[in-house]
Amino acid sequence: MKLLNPDMGTIVKGGAFCGIGGFDIAADWMGWHTKFNCEPDKFCTKILNHYWPHAKNHHDITTADFSIYRGKIDVFTGGFPCQPFSQAGKRGGTDDYRYLWPEMYKAIATFRPTWVIGENVTGILSMADEYNVWKEVFFRVDSRNIARLQAVSYTHLRAHETRHD
């Protein structure tokens, strides 16, 4: 991956809808630098501020000024709210007030990161035609590579380990 910020010697990441920092932890493990987060939940913000005190936290994606990051972010991550698509909810799709993909897209268009990693529930794929999700979400990205992670049992994950009793 070509770095936008080679002087820093590391990949620089920003994130939206960060929760307690799942993407941020992974970024740390890979040696990346988290420049900013965008998370409205007060509890989650406490966690983010504790583990990433150097990262600016923008609390509201609808009002944040992301123009200050133009040309400074290599990877942008975001798990935009899943409630509009989740099979556990009403599945209001793009009509749901929690549908915030347009705000995430606006941020992406503002600072133009090299890579975007978006995360959502698989229910978004089953609603594609009914709520114009392909038009609203997937049509707006240059590369439509969709990876679906399947459930893997804990036993399977541990099978490669050798016991040293």
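Is Phe17 buried or exposed? Phe17 counts as buried, because its relative accessibility is 16%. Buried means under 20% relative accessible area, exposed over 50%, and partly exposed in between, with a 1.4 Å probe and protein chains only.

This is a predicted model, where local features need pLDDT of at least 70, side-chain atom pairs count only at pLDDT 80 or more, and totals for chains, interfaces and linings use all residues. Residues are numbered from 1 along each chain as its sequence is written, and side-chain values use heavy atoms, with hydrogens and water left out.

**The chain as a whole**

The chain has 6 helices and 5 strands. Helices (H or I, at least four residues) and strands (E, at least two) are DSSP runs, numbered from the N terminus. From that end, the order of elements is β-α-β-α-β-β-α-β-α-α-α. The chain holds 165 residues, and 37% of them count as buried. Now take the contacts with a separation of 6 or more: 58% of them join residues 24 or more positions apart. Contact means heavy atoms within 4.5 Å.

**Two positive phi values**

Most residues other than glycine have a negative phi. Two residues here have a positive one.

| Residue | Phi | Place |
|---|---|---|
| Phe17 | near 55° | loop between β1 (12–16) and α1 |
| Arg112 | about 50° | loop between α3 and β5 (115–118) |

Arg112 is exposed, with a relative accessible area of 54%. Arg112 comes just after α3.

**Helix α2**

Helix α2 spans residues 42–51, and its buried residues are Cys44, Thr45 and Leu48. They sit on the same side of α2, because they cover an arc of only 100° around the axis. The arc is that of the directions from the helix axis to the C-beta atoms. An α-helix has 3.6 residues a turn, so residues three or four places apart point the same way. On the other side of α2, Lys42, Phe43, Lys46 and His50 are exposed. The cover over the buried residues of α2 includes α1 (22–29), β2 and β3 (56–58).

What caps the N-terminal end of α2? Asp41 does, with a side-chain oxygen 3.0 Å from the backbone nitrogen of Phe43.

**Asn37 in strand β2**

Asn37 belongs to strand β2 (residues 33–38). Asn37 is buried, and its relative accessible area is 2%. Neighbours within four places in sequence are left aside here; beyond them, Asn37 is in contact with Lys13, Gly15, Cys18, Asp24, Leu48, Ala55, Lys56, Asn57 and His58. Leu48 is also one of the buried residues of α2.

**Helix α3**

Helix α3 covers residues 101–111. Which of its residues are buried? They are Trp101, Glu103, Met104, Ala107, Ile108 and Phe111. These residues fall within an arc of 165° seen down the axis, so they line one face of α3.

**The second largest pocket**

On a 1 Å grid over the protein atoms alone, a pocket is an open set of points with protein on both sides within 12 Å along at least five of seven lines, and lining residues have an atom within 4 Å of a point. The second largest pocket holds about 200 Å³ of space. Its lining has 13 residues, and Phe17, Glu39, Pro40, Pro81 and Leu100 lie nearest its centre. The lining divides into 7 nonpolar, 4 polar and 2 charged residues. Phe17, the buried residue from the opening question, is thus among those nearest the pocket centre.

Note on methods: On a 1 Å grid over the protein atoms alone, a cavity is a set of points where a 1.4 Å probe fits but cannot get out, and a pocket is an open set with protein on both sides within 12 Å along at least five of seven lines; lining residues have an atom within 4 Å of a point. Grid points are joined across faces, edges and corners, and a volume is the space filled by probe spheres set on the points. Ala, Val, Leu, Ile, Met, Phe, Trp, Tyr, Cys and Pro count as nonpolar, Asp, Glu, Lys and Arg as charged, and the others, Gly among them, as polar. A polar contact is a pair of N or O atoms within 3.5 Å; within protein, one must be able to donate a hydrogen and the other to accept it, and residues adjacent in sequence count only if both atoms are side-chain atoms.
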